[in-house]
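Here are my notes on this model, set out as numbered points. Please read them with the structure open.

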Amino acid sequence: MSADDVRAFFAALARSDWTAIEAGLSEDVVFEFPGRRFGGRHQGRRRVLVFLRQNQRLFDGPLTFTIHWVGTCGDRVVAQWTNAGRTRTGVDYANRGVTVFRAGSDGRIAGIQDYLDTERLSETWPRG
């Protein structure tokens, strides 16, 4: 997994290109998303894809990402980003964060850990 692979992941996410995202994920991928109300550990390609799709459906149009830098160290790739979108309820949304990706033995994404402003997320995340 390279810095370009991570950039491609975020670009595919902004396009809701689930085929491209699925192709880049290991079967046993683990995605850890922060927050008490909306966060959690999502394990397995299918569950990660469901979570990502549900998240993107909260927005009216794409949630776009600007990647500010990407660094690699061993089997890890780290990206600092900002994002922006408009929720389906008409609220402008923007956040910033860091995502740590871990490569699996197959070269695909085996781990994703997000670090972001959960207060900002909570302001726009729908009440369950």
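1. In what order do the six strands of the open sheet lie? The order is E2-E1-E6-E5-E4-E3, and the pairing is mixed. Strand E2 (40–43) and strand E3 (64–73) are the edge strands, each pairing on one side only. From one strand to the next, the twist averages 15°. Bear in mind throughout that this is a predicted model.

2. Take the E2 edge next. E1 and E2 run antiparallel and are joined by four bridges. Within this pairing, look at Phe31, which stands opposite His42 in E2.

3. Two helices pack on the sheet, and they deserve separate treatment. H1 touches E1, E3, E4, strand E5 (92–103) and strand E6 (109–116). The direction of H1 makes about 160° with that of E3. H3 touches E1 and E2. The direction of H3 makes about 45° with that of E1.

4. Now the core. The largest nonpolar core has 30 residues. Phe9, Phe10, Ile21, Leu25, Leu52 and Phe101 touch the most other members. At least two residues of this core come from each of H1, helix H2 (18–24), E1, H3, E3, E4, E5 and E6. H1 gives the most, with six residues.

5. Ile21 is a useful residue to inspect within that set. Which residues does Ile21 touch, not counting those up to four places away in sequence? They are Phe9, Ala12, Leu13, Leu49 and Leu52. Of these, Phe9 and Leu52 are also among the core residues that touch the most other members.

6. On to charged pairs. The whole structure holds six salt bridges. One of them joins the side chains of Glu27 and Arg45, at 2.9 Å from N to O. Glu27 lies in strand E1 (residues 25–33) and Arg45 in helix H3 (residues 45–56), so the pair ties together parts that are 18 residues apart in sequence. H3 also packs on the sheet through contacts that include E1.

7. Are the two partners of that bridge buried or exposed? Glu27 is exposed, with a relative accessible area of 54%. Arg45 is buried, at 13%. The cut-off for buried is under 20%, so Arg45 qualifies.

8. A second salt bridge links the side chains of Asp4 and Arg7, at 3.8 Å from N to O. Both residues lie in helix H1 (residues 3–15). They are three residues apart, about one turn of the helix. Asp4 counts as exposed at 54% relative accessibility, and Arg7 is partly exposed at 38%.

9. A third case is Arg41 with Glu32, whose side chains meet in a salt bridge of 3.5 Å, N to O. Arg41 is exposed, with a relative accessible area of 53%. Glu32 counts as partly exposed, at 33%.

10. Last, check Asn83. This residue lies in strand E4 (residues 76–86). Asn83 counts as buried, at 8% relative accessibility. What is Asn83 in contact with, leaving aside its neighbours within four places in sequence? The contacts are Leu63, Thr64, Phe65, Tyr93, Ala94 and Asn95. Thr64 and Phe65 fall in E3 (64–73), while Tyr93, Ala94 and Asn95 fall in E5 (92–103). E4 sits between E5 and E3 in the sheet order.

Methods. Residues numbered from 1 in each chain as written. Predicted model: local features only at pLDDT ≥ 70, side-chain atom pairs only at ≥ 80, totals over all residues. Heavy atoms only, no water. Salt bridge = Lys/Arg side-chain N within 4 Å of Asp/Glu carboxyl O. Buried < 20%, exposed > 50% of the residue type's maximum accessible area, 1.4 Å probe, protein only. Contact = heavy atoms within 4.5 Å. Pairing = 2+ DSSP bridges. Axes fitted to C-alpha atoms, helices over the stretch in contact; angles between N-to-C directions. Core = buried A, V, L, I, M, F, W, Y, C linked by side-chain atoms within 4.5 Å.
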